[in-house]
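User: I would like to go through this model piece by piece. Could you take me through it?

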Amino acid sequence: MQTPVGMSPAIPTGQGRKEMEKETGKETSGFPPEARRLLELVCQQIIQELGSTSCSLSQWDRIRNVLTSQITYAVQPDREPLRFHGDTGTEYPLEEYPATARVLQEGVAIAVRADDPTADPAELAYLREMGQQTNLMLPLMAGDKVIGLLEIFHRDRSITFTPEEMERAWSLARQAALVVEGSHLFVEARREAEDLAALAEATSAVFSTLDLETVLQTAIEQMVRIVGVEGGVLSRYDAEREVVQTWAEYAGPGVENWVYDMPEASYALADYPLTARVLREKAAVVLQADDPTADPAERALMEKTGVKSLLMLPLQAYGRVVGLVELASGSYRREFGPRELRLARTLADQTAIAIENARLYAQVQEQLAGLRQAHEAQARLLEMVREMGTPVIPVYERILVLPLIGPVDSERARRFTERMLEAVRRQRALVVLVDITGVPLVDTAVAQALLRAAEAVRLLGAEMVLVGVRSEVAQTLVTLGVDMSALVSRGTLQSGIEYALGRLGLSIVPRE
């Protein structure tokens, strides 16, 4: 698939307890100040009651089988008051520490002493690294579920704990577990609120416009930002051709050497069966480049482009898959957890709706543009018909004929008057013959319009002559009581032309 490449150097898998937090920049699940203060008090109580020198609380990730340090306190050599010690987010792969793994998996307490030759070598090495002599490890239990680890260190000497001390240690571990579990719930609630705020902001940005190109670019930028990946691609799904076509892509801040897809680049789904399954089954899929069981085509492309983890989701709008979103991590192997999947799915669904709205809007605008063009063409055609319906014909120098054909309403009367006056002015006519032979009905309104037109022509120094007055028209005008005495009229066009020529001192003389 169209995957970003060369985003940043990969982080090698380290041996021992590596501080992957610093190297990857990965977000930690640190506690809020209120919970941290409670944990400080718990650690202080543990150190004081058991006479230890330091105390550490860690969280267990069952899926990754990793222990993550949450908080560590220690008494300084000069016995000054407690102070925070260590870095939050330090990760411990449990496959390297079998004794620690047993504490968590079996829910038992184990004490590791530096002078015990039978102790696990990895645990002994860790004790030496910490400068401690004894480490008592107890599981943090929330109900019957192990959520983390409590470590109680003694620096001065190797200690064998009495039953009473072990009972007290278990009691303190239960107290610590309650605080840790409460803190986790607080963090989850706060994170949920933050997620909802981030989704609201992202959704608002995506729906702030109906321009498809802007919607696409805004959507992929918001998804990359919220999910916390380095880059992403949006593609359109063509179900008929069984291809995906690049819509938009984005590389986050600080990402270098991003390889852009060609605009509208197409990829046949037959070449990428896993992508095809995402679209057809509407499923979210996380693909790891180092997974030997992954789809060979997808894995080969990921290895070629330098992407280590890829999250693919369908874009669904109104029950139909319209596209594909791909979110990529190139700097480290990314495990997309339930939170990231929930955020990505929610924003993908909102994005799909915004895309469809923008596409529908674009179609409507295109249709409206077509309708406007058709209306303008129709208006031009109508104007042409109107022009042809009121022609002004010069029959002799300074003599014009304006034939009227068809019904005459107020609008047409206005137009033919304007054309007649313009022709009189332009051609300096003296006589205009208005032929109403083709007018089917001459009523009071038409008669009044003709009289007003004749008066306007007279003001320009010309005369309007009405020709083609049929007997039934004359009878109608008399019946209506319309006074046409101010208007010269002739029965035929020929007699009208003879009248006009007479006004010019001319006549028609037959040849001998």
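User: Let us begin with α3: which of its residues are buried?
Analyst: Helix α3 spans residues 98–106, and Ala99, Thr100, Ala101, Val103 and Leu104 are buried there. Buried means under 20% relative accessible area, exposed over 50%, and partly exposed in between, with a 1.4 Å probe and protein chains only. Helices (H or I, at least four residues) and strands (E, at least two) are DSSP runs numbered from the N terminus.

User: Before we go on, what are the ground rules of the model?
Analyst: This is a predicted model, in which local features need pLDDT of at least 70 and side-chain atom pairs count only at pLDDT 80 or more, while totals for chains, interfaces and linings use all residues. Residues are numbered from 1 along each chain as its sequence is written, and side-chain values use heavy atoms, with hydrogens and water left out.

User: What covers the buried residues of α3?
Analyst: The cover includes β1 (54–61), β2 (66–74), β5 (110–113), α4 (121–130), β6 (134–142) and β7 (145–154). Contact here means heavy atoms within 4.5 Å. After α3 comes glycine 107, with a positive phi near 70°.

User: And α7, what does its buried side pack against?
Analyst: In α7 (residues 273–281), the buried residues are Leu274, Thr275, Ala276, Val278 and Leu279. They pack against β8 (231–238), β9 (243–251), β11 (285–288), α8 (296–305), β12 (309–317) and β13 (320–329). Lysine 282, just after α7, takes a positive phi of about 55°.

User: Several of those strands came up together. What is the strand order of the six-stranded sheet?
Analyst: The order is β10-β9-β8-β13-β12-β11, in an open sheet with antiparallel pairing. Two strands pair if DSSP finds at least two bridges between them. At the edges are β10 (266–268) and β11, each of which pairs on one side only. Neighbouring strands are turned by 25° against each other on average, direction ignored. Axes are lines fitted to C-alpha atoms, for helices over the stretch in contact, and angles run from 0 to 180 degrees between N-to-C directions.

User: How many bridges link β11 and β12?
Analyst: Four bridges, in the antiparallel sense. Valine 285, for instance, has methionine 312 in β12 as its bridge partner.

User: Now the five-stranded sheet. Why is one side of β14 and of β18 left without a neighbour?
Analyst: That open sheet runs β14-β15-β16-β17-β18, with mixed pairing. Strands β14 and β18 (488–490) stand at its edges with a single partner strand each, so one side of each has no neighbour in the sheet. On average, neighbouring strands are turned by 30° against each other, direction ignored.

User: Which helices lie on it?
Analyst: Helix α10 (residues 410–427) packs on the sheet and touches β14, β15 (399–405), β16 (431–438) and β17, its direction making about 165° with that of β15. Helix α13 (residues 493–503) lies across β14, β15, β16, β17 and β18, at about 175° to β16.

User: How do β17 and β18 run, parallel or antiparallel?
Analyst: Strand β17 (residues 463–467) and β18 run parallel, joined by three bridges. The bridge partner of valine 467 in β18 is arginine 490.

User: Changing topic: where is isoleucine 355, and is it buried or exposed?
Analyst: Isoleucine 355 belongs to helix α9 (residues 338–389). Its relative accessible area is 0%, so it is buried. Leaving aside neighbours within four places in sequence, isoleucine 355 contacts Leu212, Val215, Leu216, Trp247 and Leu315. Phenylalanine 207 is 148 residues away from isoleucine 355 in sequence and 9.0 Å away in space, C-alpha to C-alpha.

User: Which loop holds arginine 398, and what is its phi?
Analyst: Arginine 398 is in the loop between β14 and β15. Its phi is positive, about 70°, although it is not a glycine. Most residues other than glycine have a negative phi. With 33% relative accessibility, arginine 398 counts as partly exposed.

User: And glutamate 242?
Analyst: Glutamate 242 lies in the loop between β8 and β9, and its phi is also positive, near 55°. Its relative accessible area is 25%, hence partly exposed.

User: Lastly, what share of the chain is buried?
Analyst: Buried residues make up 45% of the 512 residues in the protein chain, which has 13 helices and 18 strands.
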